[in-house]
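Here are some exercises to work through with the model open beside you. Try each task before reading its solution.

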Amino acid sequence: MTAPLDKTPDRIAGMFDAIAPRYDLLNHVLSAGIDRRWRARAIQALRLTGRETLLDVCTGTADVALQACLPLDGRRGGPAGPPAAARVIGVDFAAAMLSIGRRKLRAAGEDRRITLVRGDATRLPLRDGTVDVATVAFGIRNVERPELACAEMARVMRRGGRLAILEFGVPRVPGISTLYLWYFKYVLPSVGRMVSGHTAAYSYLPASVGTFPPPHEFMAILEQAGFIHVRADPLTFGIVYLYTGVRL
């Protein structure tokens with residue numbers, strides 16, 4: 001039997017703090033640049049009107065937070081792109097990741113519209129019903145008890161609020177599945193270790209994907225947390241799933 005992964009908050013936060021300086025670079029390199037397209041799909045699914053307060057859980061270095069304010073083509077609304085969020089609150093427990101995120105916000109001139117807060121996804125530092133939409137990008141699998149994080153997002157969202165979660169999956173197409181698993185098991189850890197200098201983090205990544213609930217189980221978790229119209233849409237052959245739902 002495979003031993004369960006250690007996802008205690010201190011361990012996960014420490015691991016991400018250790019790789020924070022190279023985190024953005026590795027995301028782009030290891031996804032061949034497709035990660036931005038995945039985030040754009042998630043933001044599109046929220047159908048923003050320009051008036052929403054958006055909560056980004058496990059915000060990391062604030063990529064989703066920034067992209068929600070400057071979606072797709074970098075413009076705020078108009079015929080060339082959808083409206084942006086009016087305000088964004090990003091929550092993460094990794095201090096070094098948030099520090100890099102704050103530098104990015106200042107460089108983009110978005111440090112007034114986007115607020116980054118250190119906090120735990122299972123105990124969000126927000127009052128009930130205070131946000132309109134919520135996102136998580138590749139962070140829900142790192143939460144020790146994802147069902148608590150989903151319930152917390154439901155708690156802080158207004159009724160009718162929209163949710164979009166991106167998370168890695170395992171492709172079901174036989175040839176692609178074999179190639180993907182080989183890449184995840186051998187190539188990704190090697191490149192991650194070489195660039196970041198951190199051994200554990202990029203061995204943890206494939207292990208965490210392999211132990212995350214399959215789409216139908218995670219959809220059930222979202223429904224139990226208080227979301228309806230829950231969907232799981234595969235992106236890029238099922239390498240990533242976009243989970244969406246509406247707060248009941």
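**Exercise 1. Decide whether Gly50 is buried, exposed or partly exposed, and find its surroundings.**

Step 1. Gly50 has a relative accessible area of 31%, so it counts as partly exposed; buried means under 20%, exposed over 50%, and partly exposed in between (1.4 Å probe, protein chains only).

Step 2. Gly50 sits in the loop that links α2 (35–45) to β1. Helices (H or I, at least four residues) and strands (E, at least two) are DSSP runs, numbered from the N terminus.

Step 3. Leaving aside residues up to four places away in sequence, Gly50 touches Pro83, Ala84 and Ala86, where contact means heavy atoms within 4.5 Å.

Step 4. Arg22 is 28 residues from Gly50 along the chain, and their C-alpha atoms are 32 Å apart.

A note on the source: this is a predicted model, in which local features need pLDDT of at least 70, side-chain atom pairs count only at pLDDT 80 or more, and totals for chains, interfaces and linings use all residues. Residues are numbered from 1 along each chain as its sequence is written, and side-chain values use heavy atoms, with hydrogens and water left out.

**Exercise 2. Work out how confident the predictor is, and where to take care.**

Step 1. The average pLDDT of the protein chain is 91, and 94% of the residues score at least 70; pLDDT is the predictor's confidence in each residue, from 0 to 100.

Step 2. Residues 75–79 have a pLDDT below 50, and this stretch makes eight contacts in the model beyond near neighbours in sequence. Where pLDDT is low, the predicted coordinates should not be read in detail.

**Exercise 3. Trace the partners of strand β2 and place them in the sheet.**

Step 1. Strand β2 covers residues 87–92, and five of its six residues are buried.

Step 2. On one side, β2 runs parallel to strand β1 (residues 53–57), joined by five bridges; two strands pair if DSSP finds at least two bridges between them. Here Leu54 has Val88 as its bridge partner, and Asp56 stands opposite Gly90.

Step 3. Five bridges also pair β2 with strand β3 (residues 114–118), again in the parallel sense. Val88 stands opposite Ile114, and Gly90 is bridged to Leu116.

Step 4. Zoom out: seven strands form an open sheet with mixed pairing, in the order β3-β2-β1-β4-β5-β7-β6. Because β3 and β6 (227–235) stand at the edges with a single partner strand each, one side of each has no neighbour in the sheet.

**Exercise 4. Find which residues of helix α7 are buried, and why they line one face.**

Step 1. Helix α7 spans residues 201–211, and Ala201, Tyr202, Tyr204, Leu205, Ser208 and Val209 are buried.

Step 2. Seen down the axis of α7, these buried residues fall within an arc of 140°, so they line one face of the helix. The arc is that of the directions from the helix axis to the C-beta atoms.

Step 3. An α-helix has 3.6 residues a turn, so residues three or four places apart point the same way.

Step 4. The cover over the buried residues of α7 includes α1 (9–30), β5 (157–168) and α6 (174–196).
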